[in-house]
Amino acid sequence: MSGHPNQTSLAALTRARLAWGAAMPDWVEHLALAADRTSQSAAARRIQYSPAVVSHVLKRTYPGALDKVEAAVRAALMRETVACPVLGEISGADCLAQQREPYSNQNPQRVALFSACQRCPNKITGRNR
């Protein structure tokens with residue numbers, strides 16, 4: 001049986017290119033490549049979003065905050081660094097890890113990080129998954 005393959009059978013990068021065209025951002029390309037290297041579910045785990053979110057982003061139909069997904073992709077897949085107001089220059093992955101740490105008044109640095117993370121422009125936790 002010949003014919004046009006349905007979109008779900010196409011590689012993630014091909015699906016993203018069809019949906020985004022020339023306007024595809026570099027971070028979407030990295031997300032698609034990660035999905036093609038392993039799986040969409042594995043890529044989703046790495047950025048701590050659901051596979052459904054990854055699917056919608058690749059198809060350019062995600063109704064949520066793309067900037068939050070972009071930050072997660074850049075941190076987890078593109079290994080970008082950020083300026084932390086407490087720790088200085090750190091990896092995006094370390095930034096995400098610090099944001100997810102619970103409050104503890106037992107460690108002065110943890111107190112400072114928790115407070116700084118609440119108002120930091122790098123904050124991406126508390127997002128829709």
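1. Helices here are DSSP runs of H or I with at least four residues, numbered from the N terminus. That convention matters for the element names below. Please also keep in mind that this is a predicted model.

2. Let me start with the largest pocket, which holds about 180 Å³ of space. Its lining consists of 13 residues, and those closest to the pocket centre are A71, R74, A75, V82 and N122. Which element gives the largest share of this lining? Helix 6 does, with four residues. Helix 5 (66–76), strand 1 (81–84) and helix 6 (92–100) each contribute at least two lining residues. Sorted by class, the pocket lining comprises seven nonpolar, four polar and two charged residues.

3. Next, the enclosed space. How many cavities of 30 Å³ or more does the structure hold? There is one, and about 60 Å³ of space lies in the largest cavity. Its lining is made of V82, A83, C84, P85, I90, C95, Q98, A116, C117, C120 and N122. Strand 1, helix 6 and helix 7 (108–119) are the elements that give two or more residues to this lining. The largest share, three residues, comes from strand 1. By class, the cavity lining has nine nonpolar and two polar residues, with no charged ones. If you compare the two lists, V82 and N122 appear both among the residues closest to the pocket centre and in the cavity lining.

4. Now the cysteines, several of which you have just met: C84, C95, C117 and C120 are among the residues lining the cavity. How many disulfides does a search of the whole structure find? The count is zero. For C84, the nearest cysteine sulfur belongs to C117 and is 6.2 Å away, and C84 is in no disulfide. C120 is likewise in no disulfide; the nearest cysteine sulfur to C120 is that of C95, 5.8 Å away. The cut-off for a disulfide is a pair of cysteine sulfur atoms within 2.5 Å, so neither distance qualifies.

5. On accessibility, is C84 buried or exposed? C84 is buried, because its relative accessible area is 13%, under the 20% limit. C120 is also buried, with a relative accessible area of 15%.

6. C84 also has a place in the strand pairing. Strand 1 and strand 2 (residues 88–91) run antiparallel and pair over four bridges. The bridge partner of C84 in strand 2 is G88. Three residues form the link of the hairpin that joins strand 1 to strand 2.

7. Helix 5 deserves a look of its own. Its buried residues are V69, A72, V73, R74, A75 and A76. Two of these, R74 and A75, are also among the residues closest to the centre of the largest pocket. What covers the buried residues of helix 5? The cover includes helix 2 (26–37), helix 3 (40–47), helix 4 (51–58) and helix 6.

8. Finally, a residue from one of those covering helices: A32 lies in helix 2. A32 is buried, with a relative accessible area of 0%. Leaving out residues up to four places away in sequence, A32 touches A12, L13, A16 and L58. Of these contacts, L13 is a good one to inspect in the viewer: A32 and L13 are 19 residues apart in sequence, while their C-alpha atoms are 4.8 Å apart in space.

Conventions
Residues numbered from 1 in each chain as written. Predicted model: local features only at pLDDT ≥ 70, side-chain atom pairs only at ≥ 80, totals over all residues. Heavy atoms only, no water. 1 Å grid on protein atoms, 1.4 Å probe; cavity = no way out; pocket = protein on both sides within 12 Å on 5 of 7 lines; lining within 4 Å. Points joined across faces, edges and corners; volume = space filled by probe spheres on them. Nonpolar A, V, L, I, M, F, W, Y, C, P; charged D, E, K, R; others polar. Buried < 20%, exposed > 50% of the residue type's maximum accessible area, 1.4 Å probe, protein only. Contact = heavy atoms within 4.5 Å. Pairing = 2+ DSSP bridges.
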